[in-house]
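Trainee: I've got a model open and I'd like to understand the words people use for it. Can we go through them together?

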Amino acid sequence: MPDFARPDRLGIVFDVVMPDEPNNILDRLYVRGTALHSWADFESENARVILDQFSRGDLPVWLEYGDDKMLAHPLGEIADILLGGAAPSTSEAAEQAERWRVRFSNLKG
């Protein structure tokens, strides 16, 4: 991680989490960003650079502040398919969702 991503500078702590009892397929192994001060910590240019880097990866990215948690990657239709059971609108979306399912189906939970 670059120096500007230090938690005392960025206001966000990043770690990799593998819960014993995941709530869903995208909660089995993921990158967690925890804001130290407020949700606004995720809006800085440096935070967006780091989040963009994590969002290019193969792990889900969840953002947290206090007791609230929101998914940052994958978004849109893929998240709707995996978390809400939505039907894919295209074969590409179906293939992407299946890759996520395969990647995380053998993990705990």
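Trainee: In which sense do strand 2 and strand 3 pair, and over how many bridges?

Mentor: Keep in mind that this is a predicted model. Strand 2 and strand 3 (residues 61-65) are parallel, with four bridges between them. One spot to look at is Thr34, which sits opposite Glu64 of strand 3.

Trainee: What makes strand 2 and strand 3 count as paired?

Mentor: Pairing takes at least two bridges. Strand 2 and strand 3 have four, so they qualify.

Trainee: And how do strand 1 and strand 2 run?

Mentor: Strand 1 (residues 12-17) and strand 2 (residues 30-35) are antiparallel, joined by six bridges. Find Ile12 and you'll see its bridge partner in strand 2, Ala35.

Trainee: Which pieces make the right-handed β-α-β unit?

Mentor: Strand 2, then helix 2 (residues 45-55), then strand 3.

Trainee: Okay, helices now. Why are helix 3 and helix 4 called oblique to each other?

Mentor: Set the angle against the cut-offs. The axes of helix 3 (residues 76-84) and helix 4 (residues 91-105) cross at roughly 55° and come within 9 Å. Roughly parallel needs an angle under 35 degrees, and roughly perpendicular starts at 65. The angle fits neither class, so the two helices are oblique. Their crossing is right-handed.

Trainee: Which residues make that contact?

Mentor: Helix 3 brings Glu77, Ile78, Ile81 and Leu82, while helix 4 brings Ala93, Gln96, Ala97, Trp100 and Arg101.

Trainee: How many of the contact residues of helix 3 with helix 4 are nonpolar, polar or charged?

Mentor: Six are nonpolar, one is polar and two are charged.

Notes. Residues are numbered from 1 along each chain as its sequence is written. This is a predicted model: local features need pLDDT of at least 70, side-chain atom pairs count only at pLDDT 80 or more; totals for chains, interfaces and linings use all residues. Side-chain values use heavy atoms; hydrogens and water are left out. Axes are lines fitted to C-alpha atoms, for helices over the stretch in contact, and angles run from 0 to 180 degrees between N-to-C directions. Angles under 35 degrees count as roughly parallel, over 145 as roughly antiparallel, 65 to 115 as roughly perpendicular and the rest as oblique. A crossing is left-handed if the near helix is turned anticlockwise from the far one by less than a right angle, and right-handed if clockwise. Contact means heavy atoms within 4.5 Å. Ala, Val, Leu, Ile, Met, Phe, Trp, Tyr, Cys and Pro count as nonpolar, Asp, Glu, Lys and Arg as charged, and the others, Gly among them, as polar. A crossover is right-handed if, with the strands pointing away from the viewer, the path from the first strand over the helix to the second runs clockwise.
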